[in-house]
Amino acid sequence: MIEAAMIWNEPNNKSHWDPDLDPDWSRFAHMAKLAGDAIRDVNPGLTRVLGGISPIDPNFMALMKSYGVLDHVDAVAVHGFPLDWNLWQIDEWPQKIEEIRGITDLPLWVSEVGVSTFGAEEVQAWGLKRTVELLKGRIDRIQWYSLYDLPSAWGATTRHREAEGSSYYRHFYMGLLREDGTPKPAIEEFSRHTPEIGLMQWFHFEDPRLDEAVQWMKQLGVTYVRTGLSWADRFRPDALDWFDRQMEALEDFDVTVTFCFTPAHRGLAAHHTSTPIVPEEFAEFCAEMTERYASVSSTLNVVDQSSFSRGTMRSTSLPILPRE
């Protein structure tokens, strides 16, 4: 079942939101509020989470609060990678949590935390164990990133590859499973902490690893999973077929679905990090996906594909097909 809808991913990271187009994040704040209201209107009981911030910056959270964004969500989230990218030590996790708690009383999730095996696989196993010691019992959700290494043929979702240097390649080694599907040493440590610890796994469009991932997660005792549905992918041919397959494959888990990524032709710039030309369109996408996969009604929302080419949506309702 869908337990939560997350509004965007790492909005204070230029890999996911372009600060040159929105230097004070006012456009993001407006879009996030529209999205939060749209999700609530479809399903008032669905938990709305502000996309996990990275870096963990209390000033950014305070800015979102000043814009009123926190009045339109039910929880906030942070992402932390102190052994790979962050400029703080792993033992500072409790301090980082308290910095955000000083801004808001909303439930706090760590919706991405992980350790790369770029340097040594043993580092990941130690880092996982220490992370759990520092976070378990302190926050409402912990979601480990990730199950799979990123295939070397795919690009990491980042806008600052050149600036990162060798750190860029850490993106490719965050999984508990290697690219060939074989397990790393940390997977045994991870299995000791499920179901309290969940997983975060992005699935690319028509990702061939989906079914195997489900098998692994069940074998590891995972009960809650975070993934994403891309607004940009919504414009691909057969997008709804893929979305349906992905969400059906995950139906046995408590799923947090992240809504993000601007379609190139609907942004102020032709990039997934761009602020939308019409922010209401992102809210409409959030409403459509919530209606389709987390509605309180027993209908399946079907959106006319031609309306997306115009940047608007027109909906009809059909009965949900029985699942096999």
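## Strand β7

Buried means under 20% relative accessible area. The model discussed here is predicted. In strand β7, which spans residues 224-230, 7 of the 7 residues are buried, so the strand is largely enclosed by the rest of the structure. This covering applies to both faces of β7. On one side the buried residues are Tyr224, Arg226, Gly228 and Ser230; on the other they are Val225, Thr227 and Leu229.

Strand β6 (residues 198-200) runs parallel to β7 and is joined to it by 2 bridges. Across this pairing, Leu199 stands opposite Val225 in β7.

## Nonpolar cores

The largest nonpolar core has 85 residues. Within that core, Trp93, Phe259 and Phe282 touch the most other members. Leaving aside residues up to four places away in sequence, Phe282 touches Ile7, Trp8, Met31, Ala35, Trp231, Phe259 and Cys260. A second core, separate from the largest one, consists of 6 residues; among them are Ala4, Met6, Ala77 and Trp109.

## Surface patch

A nonpolar patch on the surface is formed by Leu83, Val123 and Trp126. Together these residues have about 260 Å² of accessible area.

Leu83 lies in the loop between β3 (75-80) and α3 (93-101). The relative accessibility of Leu83 is 30%, so this residue counts as partly exposed; that class covers values between the buried limit of 20% and the exposed limit of 50%.

Technical notes:
Residues are numbered from 1 along each chain as its sequence is written. This is a predicted model: local features need pLDDT of at least 70, side-chain atom pairs count only at pLDDT 80 or more; totals for chains, interfaces and linings use all residues. Side-chain values use heavy atoms; hydrogens and water are left out. Patches are made of residues with over 30% relative accessible area and no salt bridge: like charges are joined within 9 Å, nonpolar side chains (Val, Leu, Ile, Met, Phe, Trp, Tyr) within 5 Å. Accessible areas come from the Shrake-Rupley method with a 1.4 Å probe; for residues, only the protein chains shown count as cover. A salt bridge is a side-chain nitrogen of Lys or Arg within 4 Å of a carboxyl oxygen of Asp or Glu. Helices (H or I, at least four residues) and strands (E, at least two) are DSSP runs, numbered from the N terminus. Buried means under 20% relative accessible area, exposed over 50%, partly exposed in between (1.4 Å probe, protein chains only). A nonpolar core is a set of buried Ala, Val, Leu, Ile, Met, Phe, Trp, Tyr and Cys residues joined through side-chain atoms within 4.5 Å. Contact means heavy atoms within 4.5 Å. Two strands pair if DSSP finds at least two bridges between them.
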